[in-house]
Amino acid sequence: MDYRARHKEMTGKDADYWGSQVTYASLQMLQQAIERVGKIDRAAIQKELQNGTFETILGPIKLENNQLRGIFTVGQWQNGVFQGLAPPTSKVPSP
């Protein structure tokens with residue numbers, strides 16, 4: 001919810017209920033990987049992204065087989081708000 005409030009304050013528009021947060025978290029991961037490597041070395045950054053754990057707005061993320069796991073993959077609109085439904089253990093909380 002903090003991310004959504006900051007997004008609206010900066011852009012004047014509401015963030016969507018899924019893609020925006022995942023994109024922001026991905027950029028946080030990239031920033032942390034570059035900082036850990038200490039230089040722009042694409043191969044080393046790629047390796048860090050594949051193996052590291054990253055603190056993001058979605059919580060800690062560690063890629064599994066180069067894929068982001070643990071976020072919802074099924075959702076639906078309920079009372080005008082998009083709600084993540086499955087898996088029930090997803091990291092992205094419903095607003």
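Which residue in β2 is the bridge partner of Thr56? Here are a few notes on this predicted model, starting with that pair.

1. The answer is Gly59, which sits in β2 as the bridge partner of Thr56. The strands involved are β1, covering residues 53-56, and β2, covering residues 59-62. They run antiparallel to each other and are paired over 4 bridges. The link from β1 to β2 is a hairpin of 2 residues.

2. Thr56 is also worth a look for the side it takes in β1. Together with Phe54, Thr56 makes up the covered face of the strand, while Thr53 and Glu55 form the uncovered one. This fits a general rule: side chains in a regular strand alternate between the two faces of the sheet.

3. Stepping back to the whole protein, you will find 3 helices and 4 strands. Their order along the sequence is α-α-α-β-β-β-β, with the helices preceding the strands.

4. For overall dimensions, the C-alpha atoms fill a box of roughly 45 × 30 × 15 Å along the principal axes. Of the 95 residues, 27% are buried. Among contacts with a separation of 6 or more, 27% join residues that are 24 or more positions apart.

5. If you are thinking about the surface, the protein exposes about 6500 Å², and 53% of that area comes from carbon and sulfur atoms. On the charge side, there are 11 positive and 9 negative side chains. The centres of these two sets are 5 Å apart.

Terms used: Residues are numbered from 1 along each chain as its sequence is written. This is a predicted model: local features need pLDDT of at least 70, side-chain atom pairs count only at pLDDT 80 or more; totals for chains, interfaces and linings use all residues. Side-chain values use heavy atoms; hydrogens and water are left out. Buried means under 20% relative accessible area, exposed over 50%, partly exposed in between (1.4 Å probe, protein chains only). Two strands pair if DSSP finds at least two bridges between them. Contact means heavy atoms within 4.5 Å. Accessible areas come from the Shrake-Rupley method with a 1.4 Å probe; for residues, only the protein chains shown count as cover. Lys and Arg count as positive and Asp and Glu as negative; His and the chain ends are not counted. The place of a charge is taken as NZ of Lys, CZ of Arg, CG of Asp or CD of Glu.
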